[in-house]
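Please examine the sequence and the structure shown below. The paragraphs that follow then lead through them step by step.

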Amino acid sequence: MADTAVVWFRRDLRVRDQPAFLAAAGAASRSLALFVLDPALLRPSGAARRTFLYRSLRALDEALGGRLLVVHGDPAEVVPAVADAADAASVHIAADFGPYGTGRDEAVEKSLADAGRELVRTGSPYAVAPGRVRKDDGSPFRVFTPFRRAWTEHGWRRPAETDASTVAWLDPAAVDGGPRAVGIPDDDPVDAGLPDAGEDAAHRQWTAFLADAVTTYGDDRNRPDKEGTSRMSVYLKYGAVHPRTLLADLASRRSTSAETYRTELAWREFYADILFQRPDSARANYDRAFDALPLASGREAEERFDAWREGRTGFPIVDAGMRQLREQAWMHNRLRMIVASFLVKDLHLPWWRGARHFMQLLVDGDLASNQHGWQWTAGSGTDPAPYFRIFNPVVQGERFDPDGDYVRRFVPELRGVAGKAVHQPWALPGGAPAGYPEPIVDHRVERQEALARYERVKAQR
Ligand code: FAD
């Protein structure tokens, strides 16, 4: 057995259910815990995600008894340098399947190999690693429902029984040389209220959901006026908890709601699988026929984009969603679909501009779920909502926020309007309350316009 290994944390900031710990403990008598602040990932993250990351790192460091080494730089340079300084024979990770992570890990693996060291991948941030679930003929799935069926049949391991004491952690101060320890940065100033970070917070949130809302999840998950969803996305994003742990806790529950929750986790796995198959789909239309969709541009289009971003479109449900995003760095799934549909089909703007804005503000911003959530709504993705199914923002508001409580919570100008009338303030006897904008577009007109633009896509098929 080698003397030392490195455990390199990335999207797995926890000590429980950590198969990589078992691999490291089996390979060396002690391990160095490492996190790399990678400028290529930090820069596009947005203040909410950076701050949440730093807080998650503080919680992890505490769980490891203050033994987390944090360095700054390009992982292809600093990880081999840390392994060299610690004289580690192996570096242990959970595999990454995103477009950037795959290339980064290959580069690190090569540098390590040149020095006679090994990069060992154990597990991934998913219950089933991307690329594993295949059709009978070996090709990847492009449609969700058969993917989910095959994913369920494939199954997953039980959570690994680990905690901080599974590994004997080396004190970073005992390592001579190598990249300088920089410590965990201070929080970035962030306007939004963020959830508590760290593994314990993740488990508290999950336990509370299991004790209560899970029973009504199937009915309430589409209701933004209720606290009907689990709010686990940010913890899954940073690996404060592994989906395997959630699935194991759900295994004994036979309810429709538990089944629905498993299906939502399967969407996360499906999109990761799709992005792994088609890394180009992070930036380009998955369905290239949509390259022909005529898009709005010019000054009016920019003004409309600003109105959308700032939550002043004059459509209350859209504005409430966009303001929730600013206030909480999170948005309810139904709202993500409504505001995305509005940007793409009422304003005729490209989905990737909305996706980029989401990635700047969302605390749970995840490339696979975000880009493919946008493409699903835009109609250009895998298994999409058909393009001609265009959300009417008033109907969506009345259906999913029937008493208007969600809108009033986030749009103070409309707090004096009772009931569902809040979804059409322009139709109030005295018109919209002072300070609330008129609708920036006529939905009926833009719906026809969207359908006309879609004809160009159909012509490509
Ligand atoms: P719950 O309803 O409690 O769901 C449980 C878990 O299932 C979630 O935490 C998430 O991991 C997964 N899940 C649920 N719905 C979806 C879905 N449609 N696609 C993929 N996974 C899902 N999710 C992100 O994690 N990060 C994103 O950046 C992101 N961007 C999105 C953008 C758009 C345009 C759309 C339509 C959806 C996006 N989603 C994203 C999916 C979904 O909106 C969020 O996962 C969900 O709102 C998170 O809240 P929750 O944890 O309370 O969800």
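Tyr100 lies in helix H5, which spans residues 99-114. The model in which this residue is placed is a predicted one. Is Tyr100 buried or partly exposed? It counts as partly exposed, because 15 C-beta neighbours lie inside 10 Å, and 20 or more would be required for a buried residue. Along the chain, Tyr100 and Ala40 are 60 residues apart, yet a separation of 9.1 Å is found between their C-alpha atoms.

The UniProt record, in an unreviewed entry, lists residues 3-127 as "domain: Photolyase/cryptochrome alpha/beta". Within residues 3-127, helix accounts for 46% of the chain and strand for 24%. The C-alpha atoms at the two ends of this stretch are 31 Å apart.

Attention may now turn to the sheet. It is open and consists of 5 strands, arranged in the order E3-E2-E1-E4-E5 with parallel pairing. At its edges stand strand E3 (68-72) and strand E5 (118-121), each of which pairs on one side only. From one strand to the next, the twist averages 30°. Helix H3, formed by residues 47-63, packs on this sheet and touches strand E1 (2-9), strand E2 (28-37) and E3. The direction of helix H3 makes about 145° with that of E3.

Strand E4, residues 90-93, deserves a separate description. E4 runs parallel to E5 and is joined to it by 4 bridges; Ser90 stands opposite Glu118 in E5. E4 also pairs with E1 in the parallel sense, over 3 bridges, and here Ala5 stands opposite Ser90. Which residues cover the two faces of E4? Ser90 and His92 lie on one side, Val91 and Ile93 on the other, and all are buried.

Two residues call for a remark on backbone geometry. Most residues other than glycine have a negative phi. Asp17, in contrast, has a positive phi, near 50°, although it is a residue other than glycine. Asp17 is located in the loop between E1 and helix H1 (19-27). Asp17 counts as buried because it has 23 C-beta neighbours inside 10 Å. Ala329 is not a glycine either, and its phi is positive, at about 55°. Ala329 belongs to the loop between helix H13 (316-328) and H14. With 26 other C-beta atoms within 10 Å, Ala329 is therefore buried.

The ligand forms the last topic. Which residues come nearest to the ligand? Of the 27 residues around it, these are Thr229, Ser230, Ser233, Asn370 and Gly373. Two or more residues of the shell are given by each of helix H9 (233-238), helix H11 (256-277), helix H14 (333-346) and helix H16 (367-378). H14 has thus appeared in two settings: it follows the loop that holds Ala329, and it contributes to the shell around the ligand. When the shell is sorted by class, 10 of its residues are nonpolar, 9 are polar and 8 are charged.

Definitions and conventions
Residues numbered from 1 in each chain as written. Predicted model: local features only at pLDDT ≥ 70, side-chain atom pairs only at ≥ 80, totals over all residues. Near = placed C-beta within 6 Å. Nonpolar A, V, L, I, M, F, W, Y, C, P; charged D, E, K, R; others polar. Pairing = 2+ DSSP bridges. Axes fitted to C-alpha atoms, helices over the stretch in contact; angles between N-to-C directions. Contact = placed C-beta atoms within 7 Å. UniProt positions renumbered as here; feature names shortened; annotations may be inferred. Buried ≥ 20, exposed ≤ 12 C-beta atoms within 10 Å, placed from the backbone.
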